Each structure stands twice: as structure tokens, then as C-alpha cells.
Amino acid sequence: MLELAGLTKYYRNNAVVDDVSFQVLPGEVTGYLGPNGSGKSTTVKMITGLLAPSAGKVLLDGRDISTDWTGFKRRLGYVPEEAILYSYLTGLEYLRLIGRLRGLREREVEQRANDLLELFSLHAFRHGAISTYSKGMRQRILISAALMHNPDLLILDEPLSGMDVTSAQLFKHLLDELARQGKMILYISHVLEVVERVCERVVIIYKGRIMANDSVERLRDLMHLSSLEQIFSELVEQRDLQAVARDIATVIQPGRV
Ligand SMILES: Nc1ncnc2c1ncn2[C@@H]1O[C@H](COP(=O)(O)OP(=O)(O)OP(=O)(O)O)[C@@H](O)[C@H]1O
């Protein structure tokens, strides 16, 4: 089990992640949902070791991950929000590189890289440079790379961005399958409909604080609302979007300055 315990990050005197605690259980896809700027990526950066927390800790199976980064990273598969890839490598070369860095045996590297490329419909493009790939293809390469070493913890930051409908459906089935195998999966998104379809449990964050942590079903029951979108707008203060849209349209009018 992955556990966040009182995780906090201050920038200057401002807590952008404020006492965040929740668990990611094996066999479940846990959604981490919040609007832009709510603190999702900052939380993920603390889990993956890219940022040091101001307070709190992250535990994997009861052990503070900062006491054994190497052991933790061996168990982690991470799909970052921004695709940072060696774009001059081909898809196959990239997966080989990742497999070797992950310490897989050469035969395993070849087998898994080719199998994943095939299953993600990238095999025909395996000898093309990643720089020539579309956004959706890059995303599928990133997901393949995260799966190469068969991690038991997966952290996926907006993994569907740029993916077409078929790839997205395949990905949803894949998450179900990986959860059934007992993996821990944390799925970060600001897209409500996606989280609702993909996750059993959802943690909602707003302005750095947890607003809700429950199963999608229970949240619906509690709030007597049918969709996560309605629940979300109940939980977090919504700006008057129409008024903001009107203001934007007004400020760009000629003759205002
Ligand atoms: N290095 C930094 N210095 C100061 N403030 C920061 C820094 N990084 C992030 N923030 C602020 O922290 C808050 C949370 O940002 P974060 O990127 O975690 O949000 P998010 O939920 O991931 O948003 P998005 O959905 O847009 O990716 C934002 O208000 C952001 O401006």
C-alpha cells in the first residue's frame, strides 16, 4: 500500500499542498482529481522524489520511501504529465534504453519492448524517430516505458492527453487488468469524466487541501448526484464561468487602452 501522510509543500509562505493524506490500495485505481493549479503535480513530484516535502512523508508498505529511493524506484512506474523523451531515438531504441536502465536481461528487454510496441499499435513505427511521432504515439511510448519492468506501483499523470478514442479505451481496459493483478495505481487528472470511468476511488483536491476521499459510488450516494462533475461542483467553489468569459471577451476589445 502507498500512503501519503500529512504531505505538505510550501512555496514562500503559501501551502500549495496542505496536509494531504490518503492511501493507494493494491487492486484499485485511485483517482487524484482537482482543477488546474490545485496541487496535483506538486503532490506527484513529492511522491516521485523530484521535490522534497516541507512536511509529511510517503510510505510504501509502511516504510518511508525516502529511506530507500533505489528500492522505491524499482517498484515505481511513472508516466509524467510532460513527455520528456529522447526524441532522436526510435521507439524501439527508447524502450531498449529504459529496459536496460531498469536492469532487465537482454532477452527480456527485446521481448517486452517488441510486445508492448505491438500491443500499443506502434510496431510499424518502431524504427522511426520519436520526434516524428504524434502526441498520442509519444504518450503510448511513455506508458510502455513505465510498464517495461512490471512495476507494482503505477503513477499516471494525465496519461490520456493526446490519445485517440481507441487507444484511450484500450488503456482503460489495461488499467482494469493491472488492478486485477493487484497493482497500486494512482491516476491523476483534471478531467472528471475520465476519472469517473477509470477509477473506483477518488481523492478530490482543491487549493492544496483534500475535499473528499471516497468511492465514486459512495460519493454519488452521499451527494444524491449522478455524476462526479456534479459532486465536484458541489464540493469546490465554482467561479462564475460565464462572467469570466464575458470579461475576457471585453478586455480584448479595441479601444480599451
Ligand atoms: N516552483 C513553484 N514556485 C511557486 N509556486 C509554485 C511552483 N510550482 C507550483 N506552484 C504553484 O502551486 C500550485 C499548485 O500547482 P500544481 O502544478 O501542483 O497544480 P496542478 O493541480 O498539478 O495543476 P495542473 O492541472 O494545471 O497541472 C499552483 O498555484 C502553482 O502556481
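In the predicted model described here, Leu7 stands opposite Val20 of strand 2. This pair of residues belongs to the ladder between strand 1, residues 2-11, and strand 2, where seven bridges join two strands that run antiparallel. Strand 1 is also joined to strand 4, residues 55-60, through five bridges, and here too the two strands run antiparallel. Within that second ladder, the residue opposite Ala5 is Lys57 of strand 4. Strands of a sheet pair through backbone hydrogen bonds, and the pairing may be either parallel or antiparallel.

The sheet to which these strands belong is open, consists of four strands in the order 2-1-4-5, and is paired in the antiparallel sense. Its edges are formed by strand 2, residues 14-24, and by strand 5, residues 63-64, each of which pairs on one side only. Strand 5 is attached to strand 4 by two bridges, with the two strands running antiparallel, and the bridge partner of Leu59 in strand 5 is Asp64. Strand 4 and strand 5 form a hairpin with two residues between the strands, and in this hairpin Asp61 takes a positive phi near 50 degrees.

A second set of strands, paired in the parallel sense, is found further along the chain, and strand 7 takes part in two of its pairings. With strand 6, residues 76-79, strand 7 pairs over four bridges in the parallel sense, and Val79 has Leu156 of strand 7 as its bridge partner. With strand 8, residues 184-189, strand 7 pairs over five bridges, again in the parallel sense, and the bridge partner of Asp157 in strand 8 is Ile188. The connection from strand 7 to strand 8 includes helix 6, residues 165-180, and these three elements make a right-handed β-α-β unit.

Strand 7 itself, residues 153-157, is mostly covered, since five of its five residues are buried. Leu153, Ile155 and Asp157 point one way from the strand, whereas Leu154 and Leu156 point the other way, and the residues of both groups are buried. Asp157, whose partner in strand 8 was given above as Ile188, is thus one of the buried residues of strand 7.

The ligand is surrounded by Tyr11, Val16, Gly34, Asn36, Gly37, Ser38, Gly39, Lys40, Ser41, Thr42 and His190. By residue type, this shell divides into two nonpolar, eight polar and one charged. Helix 1, residues 40-47, gives the most to the shell around the ligand, contributing three residues.

For the chain as a whole, 10 helices and 10 strands are found. The C-alpha atoms fill a box of roughly 60 × 50 × 40 Å, taken along the principal axes. The radius of gyration of the chain is 20 Å, and because a compact globule of 257 residues would have a value near 18 Å, the two agree. Of the 257 residues in the chain, 35% are buried. Among the contacts in the chain with a separation of 6 or more, 67% are accounted for by residues that lie 24 or more positions apart.

Technical notes. Residues numbered from 1 in each chain as written. Predicted model: local features only at pLDDT ≥ 70, side-chain atom pairs only at ≥ 80, totals over all residues. Buried ≥ 20, exposed ≤ 12 C-beta atoms within 10 Å, placed from the backbone. Pairing = 2+ DSSP bridges. Right-handed = clockwise from strand over helix to strand, strands pointing away. Rg over C-alpha atoms; globule rule 2.2 N^0.38 Å. Contact = placed C-beta atoms within 7 Å. Near = placed C-beta within 6 Å. Nonpolar A, V, L, I, M, F, W, Y, C, P; charged D, E, K, R; others polar.
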